[in-house]
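Work through the following exercises with the coordinates open. Each task is followed by a stepwise solution.

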Amino acid sequence: MRGGNLSAVRHLDVNTSYYFWEHIGAFLVRDGRNILVSPRQDVEESQLRLSLLGPIIATILLQREYLVLHASAVTFKDNGSAIFVGEKGEGKSSLAAALHAHGHGFLSYDVVAPETTEISTLPPPVPRPKLWPEAIHLLEKNPEDYPRIINDVDKRNYRVSQRFYNRPEPLHCIYLLSEGERPEVVSLSPTDAFLGLMAHTFAARLGRMSDEQSRAMHFKQLTTLVREVPVYRLKRIQSQTPYNTITRLVEEHFYRNGHHHV
């Protein structure tokens with residue numbers, strides 16, 4: 001995406017961060033509540049929105065001392081929620097959209113702040129997963145019915161108008177997406193879960209773990225999470241496993257195992 005890569009990041013202290021995108025502009029985030037924006041004159045509003053609803057909101061939450069994951073989350077028909085964590089392109093937003101199409105509730109995409117008992121929704125998430133046309137086709141929808149995120153990129157805003165939850169939900173388990181020889185769900189030990197999730201925290205992605213105090217707090221939060229919430233590796237054959245297969249696999253696994261954490 002044009003302007004999608006950060007040109008500069010500076011964390012002046014634990015409560016002040018500066019971000020600069022060459023094609024978007026500059027952002028100063030302070031005290032977990034203040035955002036100062038200096039946009040480029042020709043920047044599209046949608047590009048500003050992408051930055052605000054991704055790294056900038058994540059930074060606000062980090063400054064408020066939340067653990068923040070690059071992930072998507074759904075709630076299973078009022079029976080608790082699950083988080084889906086993965087690299088870009090591994091399908092976490094598409095899987096959340098597929099589960100929503102199966103009747104489950106949409107909680108959040110891209111920025112998720114889990115605690116050991118629930119998924120926090122501060123600030124409120126936005127019901128617009130970002131999907132490529134290929135993923136929308138797999139959901140048996142027409143990509144042309146959904147607007148582009150920005151004019152020169154084919155990724156679409158998959159707008160959610162029903163079953164969108166804007167309240168905290170009980171957290172039952174976390175799925176770490178990866179490729180495999182066949183679709184399956186494998187339980188992870190707390191150590192493997194910690195190592196697997198670490199790379200997907202916004203603190204690590206945004207370079208906010210350089211000072212000892214922040215690093216210690218972050219490690220403690222993540223250690224507590226993986227000790228108290230089950231973490232599984234969800235394997236699929238990338239780009240080959242139909243979403244219906246994965247959603248059925250997740251549904252069966254969640255309802256079979258997802259309620260032992262309350």
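Two strands count as paired if DSSP finds at least two bridges between them. Helices (H or I, at least four residues) and strands (E, at least two) are DSSP runs, numbered from the N terminus. The model is a predicted one: local features need pLDDT of at least 70, side-chain atom pairs count only at pLDDT 80 or more, and totals for chains, interfaces and linings use all residues. Residues are numbered from 1 along each chain as its sequence is written, and side-chain values use heavy atoms, with hydrogens and water left out.

**Exercise 1. Describe the open sheet of S1 to S4 and the helix across it.**

Step 1. The strand order is S1-S2-S3-S4, with antiparallel pairing. The edges are S1 (8–13) and S4 (34–39), each of which pairs on one side only. From one strand to the next the twist averages 10°; axes are lines fitted to C-alpha atoms, for helices over the stretch in contact, and angles run from 0 to 180 degrees between N-to-C directions.

Step 2. S1 and S2 (residues 16–21) are joined by 5 bridges. Within this pair, Val9 has Tyr19 of S2 as its bridge partner. As a general rule, side chains in a regular strand alternate between the two faces of the sheet.

Step 3. Helix H1 (residues 45–63) lies across S2, S3 (25–30) and S4, at about 25° to S3.

**Exercise 2. Place strand S12 among its partners and state whether S12 is enclosed or open.**

Step 1. S12 covers residues 169–179. Strand S6 (residues 81–85) runs parallel to S12, joined by 5 bridges, and Phe84 has Tyr175 as its bridge partner in S12.

Step 2. S14 (residues 231–236) also pairs with S12 in the parallel sense, over 6 bridges. Here Ser178 stands opposite Lys235 of S14.

Step 3. Since 9 of its 11 residues are buried, S12 is largely enclosed by the rest of the structure. Buried means under 20% relative accessible area, exposed over 50%, partly exposed in between (1.4 Å probe, protein chains only).

**Exercise 3. What surrounds Glu251?**

Step 1. Glu251 belongs to helix H7 (residues 243–257). Its relative accessible area is 15%, so Glu251 is buried.

Step 2. Not counting residues up to four places away in sequence, Glu251 touches Phe76, Leu99, His102 and His104; contact means heavy atoms within 4.5 Å.

Step 3. The Glu251 side chain makes polar contacts with the side chains of His104, at 2.7 Å, and His102, at 3.4 Å. A polar contact is a pair of N or O atoms within 3.5 Å; within protein, one must be able to donate a hydrogen and the other to accept it, and residues adjacent in sequence count only if both atoms are side-chain atoms.

**Exercise 4. Which residues have the most contacts inside the largest nonpolar core?**

Step 1. A nonpolar core is a set of buried Ala, Val, Leu, Ile, Met, Phe, Trp, Tyr and Cys residues joined through side-chain atoms within 4.5 Å.

Step 2. In the largest core, of 42 residues, they are Val68, Ile83, Val85, Ile174 and Leu197. H1 gives the most to this core, with 7 residues.

Step 3. A second, separate core has 18 residues, among them Ala82, Leu177, Val250 and Phe254.

Step 4. Beyond its neighbours within four places in sequence, Val68 is in contact with residues including Ala58, Leu61, Val111 and Phe202.
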